[in-house]
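Student: I should like a close look at a single part of this structure, namely its largest nonpolar core. Which residues touch the most other members, and where does the core lie?

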Amino acid sequence: MTLTATVHRGTRQIGGSVIEIVHPEGERLLLDAGQALDLGEGEEDQLPPTLDLSRPAEVLLTHAHLDHWGLVHKLPAGWRVHCGPATAKLIQAAPFAAAGLPHEFQTWGPSGTAVQIGAFRVTPYLTDHSAFDAHMLQVDGAGRRVFYTGDFRRHGRKSTLVDKLMANPPRYVDLLITEGTNLGTDKPTVTETELEADLVTRAARVPGRIFVAWSGQNIDRTVTLYRAAKRTGRDLIIDLYTADILDQIAEGTRLPRPGFPNLKVVITRALRRHYGELRGEAFIERLLPHAVAANELQGSRGIIILRQGLVKDYDAKGVVPTAQDLFLWSMWDGYLAKGDKAYDWCKAAGTRFDKLHTSGHAATADLMAFAAALAPKAIAPVHGQNWHAPPEGFGPILNATDGAPIVLP
Ligand SMILES: [Zn+2]
Ligand SMILES: [Zn+2]
């Protein structure tokens with residue numbers, strides 16, 4: 001009698017990860033419950049039909065990206081959710097969860113500290129990814145060991161976490177479930193430090209403002225932009241959404257937040273109303289000493305957040321992009337390909353456009369090195385589109401299909 005692992009979704013796609021581990025005595029863990037990334041406008045995702053909802057399970061979430069937790073609201077309300085402490089806050093701060101999730105959330109302790117969840121012993125390892133507080137998960141049960149990478153990379157601001165794990169890896173891994181986002185692609189995997197240097201160089205040649213589209217949840221990127229702002233004598237101007245995220249997680253860390261030099265919050269109408277209701281007027285008042293009004297952006301030389309949701313409020317306050325400004329796209333290209341109002345707004349004004357981004361996922365060589373360090377008996381592929389053609393020497397990759405149980409030897 002041994003463990004069974006089922007990748008309900010993800011053996012052939014990036015995102016929408018749903019993985020189940022079943023103990024021979026019937027207890028179950030669900031690793032991630034993610035939403036598909038390729039949904040059309042207004043399209044609603046559903047849980048994979050192979051997942052049995054009639055029996056209880058404990059849910060483990062690796063990180064706060066929607067493609068890993070965006071289907072939690074479809075799981076029975078009695079299923080408890082376990083995740084990192086900041087991940088729980090990020091999920092609760094996400095506009096998507098505004099209505100609130102009925103599930104009980106339990107947060108795990110420091111990286112590397114095992115927790116007993118029913119018949120399973122789970123060890124979370126903090127890792128490097130574009131989501132803050134992302135974890136890898138080691139699951140022990142019935143004398144077997146499963147190791148799930150979640151999403152990770154080895155070129156972000158926390159790459160040493162991955163290096164340390166590889167230098168002192170868990171032994172006797174029966175099944176490694178690894179992401180493979182960048183398999184078969186040549187996506188840039190420059191480091192955040194290189195992005196920072198790149199922006200410092202570019203900023204010297206920009207007479208006007210630098211508008212940047214990035215995700216407030218990508219804390220590594222916020223740090224990169226903040227450091228570049230300080231080095232170039234500009235202010236980093238974030239919106240209320242990004243300020244709220246930093247407010248939720250920065251306590252006890254060295255992360256930049258309102259009150260730091262060269263950091264300002266732009267108060268825009270729609271977000272002001274939203275956060276006034278969500279966090280109370282006291283939250284807004286606390287930010288006011290560090291705030292700028294949208295109309296003050298016109299004369300500034302800041303590094304300014306720009307997302308399509310902000311365009312209307314900027315416009316209403318007379319903020320107009322010009323040919324002296326630069327617009328940098330600092331997110332996944334896929335969002336731009338869907339069409340973006342901020343892009344159109346800048347383009348119409350003749351503002352120069354460029355990209356400033358690096359992948360949140362490991363390069364192929366790093367995926368291989370990681371698998372080699374763990375030396376698992378078998379590898380189950382997930383979160384990738386090119387697992388059918390992995391490079392030679394990757395390791396013992398199973399020919400897994402969505403929803404088909406893998407019985408551990
Ligand atoms: Zn993902
Ligand atoms: Zn992710």
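Tutor: In this predicted model, the largest nonpolar core holds 106 residues, and those that touch the most other members are Val 59, Val 146, Ile 177, Val 212, Ile 303 and Leu 306. Helix 6, residues 240-249, is the element that gives the most to this core, contributing six residues. The core lies between domain 1 (4-185 + 360-407) and domain 2 (192-355), because both give residues to it.

Val 212 may be taken for closer inspection. Apart from neighbours within four places in sequence, Val 212 is in contact with Leu 225, Ile 303, Ile 305, Leu 306, Leu 328 and Ser 330. Two of these partners, Ile 303 and Leu 306, are themselves among the core residues that touch the most other members.

Val 59 leads to the sheet. Strand 4, residues 58-60, runs parallel to strand 3, residues 28-33, and three bridges join the two. Within this pair, Leu 29 stands opposite Glu 58 of strand 4. Both strands belong to an open sheet of seven strands with mixed pairing, in the order 6-5-4-3-2-1-20. Strand 6 (105-107) and strand 20 (406-407) each have a single partner strand, so one side of each is left without a neighbour in the sheet.

Helix 4, residues 192-203, completes the description. Its buried residues are Glu 192, Leu 195, Glu 196 and Leu 199. They cover an arc of only 100° around the axis, and therefore lie on the same side of helix 4. These buried residues pack against helix 5 (219-232).

Technical notes
Residues are numbered from 1 along each chain as its sequence is written. Chains are lettered from A and ligands numbered from 1 in the order in which they are written. This is a predicted model: local features need pLDDT of at least 70, side-chain atom pairs count only at pLDDT 80 or more; totals for chains, interfaces and linings use all residues. Two strands pair if DSSP finds at least two bridges between them. Helices (H or I, at least four residues) and strands (E, at least two) are DSSP runs, numbered from the N terminus. A nonpolar core is a set of buried Ala, Val, Leu, Ile, Met, Phe, Trp, Tyr and Cys residues joined through C-beta atoms within 7 Å. A residue is buried if 20 or more other C-beta atoms lie within 10 Å of its own, exposed if 12 or fewer, and partly exposed in between; C-beta atoms are placed from the backbone. Domain bounds come from an automatic or database domain assignment. Two residues are in contact if their C-beta atoms, placed from the backbone, lie within 7 Å. The expected span of a helix is 1.5 Å times one less than its number of residues. The arc is that of the directions from the helix axis to the C-beta atoms.
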